Amino acid sequence: MTQTKTCSCEGKSLDHFLQPAILALLATEDLHGFAMVKAIGENAMFHGTTPDSTGVYRFLKKMHEQSLVTATDVDQEHLPAKRCYHLTAKGRMCLASWRRTLHAYIGDLARFVSALDALELED
């Protein structure tokens, strides 16, 4: 069965917000990758759309290389070890920067939407 891709104009493809979503999750608890994918999909901003797990793991690798997160392998009985991620102090600073950036975007988006409303587009 083929899955149709959602157009980004519908607001359900928010891959650019994966990094702050991951950082925010790790600010509350250490998690392994699959748990993050599931939790991100449950975030209201993602409208129940589960992100591409490959993209999440790509971000985790990049954030690990940037020292925003650390990773520890946790042994499981009769199963492969899970890699558990932890937010570093540098990662907390990055998340705080994201918060400031997103607050700035709110005003910018409000002005942009007002300009679009003035165009009287058909719904």
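**A quick tour of the chain**

Let's start with the sheet: three strands make an open sheet in the order β1-β3-β2, and the pairing is antiparallel (two strands pair if DSSP finds at least two bridges between them). β1 (31–32) and β2 (69–76) sit at the edges with a single partner strand each, so one side of each has no neighbour in the sheet. This is a predicted model, where local features need pLDDT of at least 70, side-chain atom pairs count only at pLDDT 80 or more, and totals for chains, interfaces and linings use all residues. Residues are numbered from 1 along each chain as its sequence is written, and side-chain values use heavy atoms, with hydrogens and water left out.

**The whole chain**

- The secondary structure adds up to four helices and three strands (helices are DSSP runs of H or I with at least four residues, strands are runs of E with at least two, and both are numbered from the N terminus).
- Going along the sequence, you meet them in the pattern α-β-α-α-β-β-α.
- Of the 123 residues in the chain, 24% are buried (buried means under 20% relative accessible area, exposed over 50%, and partly exposed in between, with a 1.4 Å probe and protein chains only).
- About 9100 Å² of the chain is exposed, and carbon and sulfur atoms supply 56% of that (areas come from the Shrake-Rupley method with a 1.4 Å probe; for residues, only the protein chains shown count as cover).
- Take the contacts between residues at least 6 apart in sequence: 54% of them join residues at least 24 apart (contact means heavy atoms within 4.5 Å).

**The β2–β3 hairpin**

- β2 pairs with strand β3 (residues 79–87) in the antiparallel sense, over seven bridges.
- Two of the residue pairs to look for are Asp-73 with its bridge partner Arg-83 in β3, and Ala-71 with Tyr-85, also in β3.
- The two strands form a hairpin with two residues between them, and His-78 in the turn has a positive phi of about 65°.
- As a general point, strands of a sheet pair through backbone hydrogen bonds, either parallel or antiparallel.

**Helix α1 and what surrounds it**

- Eight of the eleven residues of α1 are buried, so this helix is largely enclosed by the rest of the structure.
- The buried ones are Leu-18, Gln-19, Pro-20, Ala-21, Ile-22, Leu-23, Leu-25 and Leu-26.
- Their cover includes β1, α2, α3, β2, β3 and α4 (89–118).
- α1 lies across β1, β2 and β3, and runs at about 95° to β3.
- Gln-19 is part of this helix and has a relative accessible area of 14%.
- Leaving aside residues up to four places away in sequence, Gln-19 touches Phe-59, Met-63, Gln-66, Leu-68, Cys-94 and Trp-98.

**Where α1 meets α2**

- Helix α1 (residues 18–28) packs with helix α2 (residues 33–42) at an angle of about 110°, their axes 10 Å apart (axes are lines fitted to C-alpha atoms, for helices over the stretch in contact, and angles run from 0 to 180 degrees between N-to-C directions).
- That makes the two helices roughly perpendicular (65 to 115 degrees; under 35 is roughly parallel, over 145 roughly antiparallel, and the rest oblique).
- Leu-18, Ala-21, Ile-22, Leu-25 and Leu-26 of α1 make the contact with Met-36, Ala-39 and Ile-40 of α2.
- Asn-43 is in the loop between α2 and α3 (53–65), and is partly exposed at 34% relative accessible area.
- Asn-43 and Ala-21 are 22 residues apart in sequence and 8.6 Å apart in space, C-alpha to C-alpha.
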